[in-house]
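Visitor: I should like to understand how the terms used for a protein model are justified. Could you take me through the reasoning step by step?

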Amino acid sequence: MVARETLETPGRHRVATAEKRYGQHYTPRELAEFLARQTWAAMAHRPPSITVIDPACGDGELLIAFANVASREGYTGTVNLVGYEIDPQAADAARTRLAALKAKTTIRRADFLIAQRALSTGCAQVIITNPPYVRTQHLGQETSQLLAQEFSLTGRVDLTHPFVAVASRLLDGNGVLGLLCSNRFLTTMSGENIRRTLTTGELEVREIYDLGDTKLFKAAVLPAIIVASKGEKPAFPARFVSTYQSSKPPCGPPLFDALLSKSDQDATINGRHYEVKVGTFTPPFLTTTPWRLSSPESDRWLDTIAEHTWKTFGDIAKIRVGIKTTADKVFLHHDWENKAPQVESDLLRPLIVQKNIAPWKTADNLHMRVLYPYNLDSETRQTLDLNDWPGARDYFHSHEDALRQRRYVTDGGREWFEIWVPQKPALWAVPKIVFPDISERPRFALDSSGAVVNGNCYWISLKDIGDEDLAYLMLGVANSSLGLRYYDEVCGNRLYSGKRRWITQYVKRLPLPYPETANAQRIIGLSRELVHAGTSAREHQTQLDSLVNAAFSAART
């Protein structure tokens, strides 16, 4: 049983501003109206009385939007609006606002995840919600474990999943869920819980709107809308629409009009231009697979790539994240000579950070250095004896209080002065492919300097790859326009301003052509040339793109 007090603090709402605390944000009116319209349209049956539940109603915006849509559509039955809210100020505001509606309203000052246990199965026709975006881990270990047991949660998840799971139980046989949440669940590993609930239970996804970097909220929230229903299985694939900002001047209709287009469309909102892509969604066989927008052209292209794929990056080698110190102010500096006590230079290793990486090659001068207290001859983590390094010993002791506050380090049986994630020390000396976590364009480089890689980057050791030619082939594919398109088609985890996240779960999916083919050998040769030149002129990029495209389309010889 989850105690009430354990869930209330992290989920508090504030009416005074549009922003909710702890990652929660009130729904903008225009977005609320769009969600309400699409939820209403998905209702195959509209009985004489419709019960609508918002599990985290805030000041009632979504309930008001649904009531207004029902009224405009000429519905003459009873609309019973039920909202749950744990903040008394927000609940009072919702009661005041809903009182002006021609609908029966009930606002309950209660935690929905507790209150839902007393609700009967199939008690609602509609659930419309913008769940609190609070990671269950932030609720405390005990509460997280109880929620995990009740809702079969695994990994790092937020409260969207239990809200969706409850909705599936509470909706009647023809009920509809209108969900507004972070679009991260479409593509991330932590989103598998939600993807599984939406595709393996009683709900059928009808529409998906990935609203990307539309900046509809004041905070950095990339939203998505899911409309799902019970009842008969849809005769056609679900509609999938995505929209991301373009560098073109503003043009096209307003965004919420363009979202209803039957084909790709330009759109404008808040003085910015967006490209709206329209396709369909077919649930993948595995819930671990990211959801993607499907179209005949993109599906044909991916089928062609699959026919010419030998292996993926993940098949070839392990992709590792860089070191994570959890105390960067102690371990990382670019001016160690000005630090006291002075640390022995042999323990200060050059550090590759995001800005050091360009396509093909890392920067020659790495100014940032990391104090790395490990035996560099050992692949496994092996700390040095600080008594042999008096400068480092005295430096660490000068920061001992801060370092010992990282209880998770010592609780894990580690020395108090250790780096939280040091990776494998001996592998730093081996050449490696490195790339940044976040970048608009692919930036995959070969590093042979022996430098350590920071936690905002990833790396692939040539020792794991086992073949230098394969490393150059991987660089060629990753830095090509085909690699970028494949990322967008299959992974699709876009951030603001065109930036992309190049993390393990996506990069491991990148394809490799058969290495013995003539085109693959040419890619290897060109990549080798570009690595040693340390640059990529436009004509080289054009040549690379042509070779990679040919490798994934030409017949094998």
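Guide: Let us begin with the surface. In this predicted model, the protein chain has an accessible surface of about 24300 Å², and 49% of that area belongs to carbon and sulfur atoms.

Visitor: What share of the 557 residues counts as buried?

Guide: A residue is termed buried when its relative accessible area is under 20%. By that criterion, 54% of the 557 residues of the protein chain are buried.

Visitor: Which elements make up the protein chain, and how many of each?

Guide: There are 21 helices and 23 strands in the protein chain.

Visitor: Why is the protein chain called as compact as a globular protein of that length?

Guide: For 557 residues the globule rule gives 24 Å, and the radius of gyration of the protein chain is 27 Å; the two values are close, so the chain is as compact as a globular protein of that length. Its C-alpha atoms fill a box of roughly 80 × 60 × 40 Å along the principal axes.

Visitor: What makes β13 and β20 edge strands?

Guide: The open sheet has four strands in the order β13-β16-β14-β20, with mixed pairing. Both β13 (332-333) and β20 (452-453) pair on one side only, and they are therefore the edge strands.

Visitor: How do you know that β14 and β20 pair?

Guide: Pairing requires at least two bridges between two strands. Strand β14 (residues 348-352) and β20 have two bridges, in the parallel sense, so they count as paired. Here L351 stands opposite V452 in β20.

Methods:
Residues numbered from 1 in each chain as written. Predicted model: local features only at pLDDT ≥ 70, side-chain atom pairs only at ≥ 80, totals over all residues. Heavy atoms only, no water. Rg over C-alpha atoms; globule rule 2.2 N^0.38 Å. Buried < 20%, exposed > 50% of the residue type's maximum accessible area, 1.4 Å probe, protein only. Areas by Shrake-Rupley, 256 points an atom, 1.4 Å probe, with all protein chains shown as cover.
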